[in-house]
Amino acid sequence: MKATVKTNKGDMRFELYPQYAPKAVENFSTHAKNGYYNGLIFHRVIKDFMIQGGDPTGTGCGGESIWGKSFEDEFSIEARNYYGALSMANSGPNTNGSQFFIVQAKSVPDSLLSQMEGLKDNGYPQEVIDKYKEVGGTPWLDFHHTVFGMITDGCDVLEDIAATRTGMADKPVYDVVIETIEIED
């Protein structure tokens, strides 16, 4: 399953992960097909961290799931917050609604990589450490935010959005608009 997020800055394509996060994918794809995200903005942009959208109020305080209430987290050791991950934004455990973010951190701080290396003997997979070293990401968000997809094309657009000038509350000074999200089953 694939998603194309069409913005006023260009398109980003994602591979969705229904095998790891079936409810998050169903929620996102149903909202997309129903036009819920059309015309919404990326209301929070933090360079070298992530870009966040999916809130109809544009404030970071709104939005709901297709079920009209929060839904539970779906974590998988196979789906991590690597660079380009498409993840559910939330306000704590099991509070998923309509908001999502795309990880834009291109590197992981050396101090955190050292901590991860120190956890190898406690079952932290070496391949995960190596992947974070290779592509970057936000490992501190693993098992706190459901990862339900990964960027496959349009990293230049992600970088362009991340470079957008922001003001109060990390909101872009000039709107970065989600024109539409197309889903391919």
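Me: Is Ala3 buried or exposed?
Reply: In this predicted model, Ala3 is buried, since its relative accessible area is 0%. The residue belongs to strand S1.

Me: Which residues does Ala3 touch, not counting residues up to four places away in sequence?
Reply: The neighbours of Ala3 on that count are Met12, Arg13, Phe14, Leu16, Phe28, Ile181, Glu182 and Ile183. A C-alpha to C-alpha distance of 5.7 Å separates Ala3 from Arg13, although the two are 10 residues apart in sequence.

Me: How should the pairing around S1 be read, and how many bridges join S1 to S2?
Reply: A general point comes first. In a regular strand, side chains alternate between the two faces of the sheet. In the present case, S1 (residues 2-7) runs antiparallel to S2 (residues 10-16), and 6 bridges join them. These two strands form a hairpin with 2 residues between them. One pairing to locate in the structure is that of Lys6, whose bridge partner in S2 is Asp11.

Me: With which residue of S8 is Lys2 paired as bridge partner?
Reply: The partner of Lys2 in S8 is Glu184. S1 and S8 (residues 177-184) are antiparallel and share 6 bridges. S1 is therefore joined by bridges both to S2 and to S8.Me: What does S8 have to do with S3, and how many bridges join S3 to S8?
Reply: S3 and S8 run antiparallel and are joined by 2 bridges. Within this pairing, Ile41 has Val177 in S8 as its bridge partner. S3 is mostly covered, with 5 of its 7 residues buried.

Me: How many residues lie between S3 and S4 in their hairpin?
Reply: The hairpin of S3 and S4 has 3 residues between its strands, and Asp48 in the turn has a positive phi of about 65°. The strands are antiparallel, with 4 bridges between them. Arg44 stands opposite Gln52 in S4.

Me: Where else should one look for a positive phi in a residue other than glycine, and in which loop does Asn94 lie?
Reply: Asn94 has a phi near 60° and lies in the loop between strand S5 (85-88) and S6. With a relative accessible area of 41%, Asn94 is partly exposed. Ala169 is another case, with a phi near 55°. Ala169 is placed in the loop between H4 and S8, and it counts as exposed at 62% relative accessibility.

Me: Which residues have the most contacts inside the largest nonpolar core?
Reply: They are Met12, Phe28, Phe42, Phe148 and Ile181, in a core of 31 residues. Phe28 serves as an example: leaving aside neighbours within four places in sequence, Phe28 is in contact with Ala3, Leu16, Tyr37, Leu86, Phe100, Phe148, Ile181 and Ile183. Apart from this core lies another, of 20 residues, among them Met116, Val128, Tyr132 and Val147.

Me: Which residues of helix H4 are buried, and what covers them?
Reply: In H4 (residues 155-162), the buried residues are Val157, Leu158, Glu159, Ile161 and Ala162. Their cover includes S1, S2, S3 (40-46), S4 (50-53), S6 (100-103) and S7 (147-153).

Me: Is His31 buried or exposed?
Reply: His31 counts as buried because its relative accessibility is 5%, under the 20% cut-off. This histidine is found in helix H1 (residues 22-33). Leaving aside neighbours within four places in sequence, His31 is in contact with Tyr36, Tyr37, Glu64, Ser65, Ile66 and Ser98.

Me: How is empty space to be read, and what is the volume of the largest cavity?
Reply: Rolling a probe the size of a water molecule over the atoms reveals where empty space is left. In this structure there is 1 cavity of 30 Å³ or more, and the largest cavity has a volume of about 50 Å³. Its lining consists of Tyr20, Glu74, Phe75, Ser76, Ala79, Asn81, Asp142, Phe143, His145 and Val147. By class, that lining has 5 nonpolar, 3 polar and 2 charged residues.

Me: How many residues line the largest pocket, and which of them lie nearest its centre?
Reply: The lining of the largest pocket has 23 residues, and Ala89, Asn90, Ser91, Thr95 and Gln99 lie nearest the centre. The space in this pocket is about 310 Å³. Its lining divides into 6 nonpolar, 14 polar and 3 charged residues.

How values were computed:
Residues are numbered from 1 along each chain as its sequence is written. This is a predicted model: local features need pLDDT of at least 70, side-chain atom pairs count only at pLDDT 80 or more; totals for chains, interfaces and linings use all residues. Side-chain values use heavy atoms; hydrogens and water are left out. A nonpolar core is a set of buried Ala, Val, Leu, Ile, Met, Phe, Trp, Tyr and Cys residues joined through side-chain atoms within 4.5 Å. Buried means under 20% relative accessible area, exposed over 50%, partly exposed in between (1.4 Å probe, protein chains only). Contact means heavy atoms within 4.5 Å. On a 1 Å grid over the protein atoms alone, a cavity is a set of points where a 1.4 Å probe fits but cannot get out, and a pocket is an open set with protein on both sides within 12 Å along at least five of seven lines; lining residues have an atom within 4 Å of a point. Grid points are joined across faces, edges and corners, and a volume is the space filled by probe spheres set on the points. Ala, Val, Leu, Ile, Met, Phe, Trp, Tyr, Cys and Pro count as nonpolar, Asp, Glu, Lys and Arg as charged, and the others, Gly among them, as polar. Two strands pair if DSSP finds at least two bridges between them.
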